[in-house]
Amino acid sequence: MKCYDATAQSAFDNNFVVASPPNAPIVVATPQDGAVLLTWDNGPETYSQAPYEFEGYVVYQGASIAGPYTRVATYDVDNAVTKIIDQDCDSADPDIPVVKAKGTNSGLAYSIRLTQDAVRGGPLFTGTPYYYVVTAYSAAPAFVPKMLESSFNAATAKKTVVPQTRRAARTSRRRS
């Protein structure tokens, strides 16, 4: 209850003007031989809902289309905001703060080529489906909550990809 109370108090202090998270980016998934190439647009970067400012993108891999999801990479704006530690009201113990974002001030990126399975370990296998989501997030370190992240369920951000050999990829392109 204390966790939800802090969020409610924050909304009250801001005259019930509650920010929504940034929209998820539009993601294109390209299967490759033993790899997946994810690319996304920069549309979420126009987000600004005071006191929250756009901060970056997070790439996740899922064990299935429904999850659970494992963080693969974070690309964030080069500024003073890096690790965001916040309460998780939905966790088993909301009194223990959790890391919500792990930025490195590495700057923004719009693509990633993945060759390793972040869920099961080892390489990506041709013919095996993999599940990815790219989200956008905003931060307000002095506010509650400190971070807002786009939905994992956005159709534009969630992708199922099956790595293919070059020959199979050419054949499937000819058929479509």
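Two strands count as paired here if DSSP finds at least two bridges between them. Helices (H or I, at least four residues) and strands (E, at least two) are themselves DSSP runs, numbered from the N terminus. Keep both in mind, since the tour starts in a sheet.

**Before you click**

You're looking at a predicted model, where local features need pLDDT of at least 70, side-chain atom pairs count only at pLDDT 80 or more, and totals for chains, interfaces and linings use all residues. Residues are numbered from 1 along each chain as its sequence is written, and side-chain values use heavy atoms, with hydrogens and water left out.

Colour by pLDDT, the predictor's confidence in each residue, from 0 to 100. The protein's mean is 84, and 80% of its residues reach 70 or more. Now select 169-176: pLDDT stays under 50 there, and the model gives that stretch 2 contacts (heavy atoms within 4.5 Å) beyond four places in sequence.

Switch to cartoon and you should find 2 helices and 11 strands. Walking from the N terminus, the order is α-β-β-β-β-β-β-β-β-β-β-β-α.

**Stop 1: the hairpin**

Select 27-32, which is strand 1; this strand pairs with strand 2 in the antiparallel sense over 6 bridges. Strand 2 covers 35-40. Step along the ladder and pick out the partners:

- V27 bridges to W40.
- P31 bridges to V36.
- Q32 bridges to A35.

At the turn, 2 residues sit between the strands, and G34 takes a positive phi near 70°.

**Stop 2: the open sheet**

Add 111-114, strand 8. Strand 2 and strand 8 run antiparallel, joined by 4 bridges. Click L37 and you'll find R113 of strand 8 opposite. Together you have a 3-strand open sheet in the order 1-2-8, with antiparallel pairing. Strand 1 and strand 8 are at the edges with a single partner strand each, so one side of each has no neighbour in the sheet. From one strand to the next, the twist averages 15° (axes are lines fitted to C-alpha atoms, for helices over the stretch in contact, and angles run from 0 to 180 degrees between N-to-C directions).

**Stop 3: the core**

Time for side chains. Buried means under 20% relative accessible area, exposed over 50%, and partly exposed in between (1.4 Å probe, protein chains only). Of the 176 residues in the protein, 36% are buried. A nonpolar core is a set of buried Ala, Val, Leu, Ile, Met, Phe, Trp, Tyr and Cys residues joined through side-chain atoms within 4.5 Å.

Which residues of the largest core touch the most other members? Select L38, W40, V59, I112 and Y132, out of 27 residues in that core. Strand 2, strand 4 (52-62), strand 5 (69-76), strand 8 and strand 9 (130-139) each supply at least two of its residues.

Centre on L38. Leaving aside neighbours within four places in sequence, L38 contacts V27, V28, A29, V59, Y110, S111, I112, L114, Y132 and V134. Another core, of 11 residues, lies apart from the one you're in; among its members are Y69, V81, I84 and V133.

**Stop 4: the salt bridge**

Show R120 and D117. They form a salt bridge, with the closest N and O atoms 2.9 Å apart. The term means a side-chain nitrogen of Lys or Arg within 4 Å of a carboxyl oxygen of Asp or Glu. A search of the whole structure finds 1. R120 is partly exposed at 49% relative accessibility, whereas D117 is buried at 6%.

**Stop 5: a loop that reaches back**

Go to V162, in the loop between strand 11 (158-161) and helix 2 (166-175). V162 is partly exposed, at 32% relative accessibility. Not counting residues up to four places away in sequence, V162 touches P31, G127, T128 and P129. Draw a distance from its C-alpha to that of A29: 9.5 Å, for residues 133 apart along the chain.

**Stop 6: backbone oddities**

Most residues other than glycine have a negative phi, and most peptide bonds are trans. Three places to check:

- A50 to P51 is a cis peptide bond, omega near 5°; P51 lies in the loop between strand 3 (48-49) and strand 4.
- V144 to P145 is cis, omega near -10°; P145 lies in the loop between strand 9 and strand 10 (147-149).
- N105, not a glycine, has a positive phi of about 55°; look in the loop between strand 7 (98-102) and strand 8.
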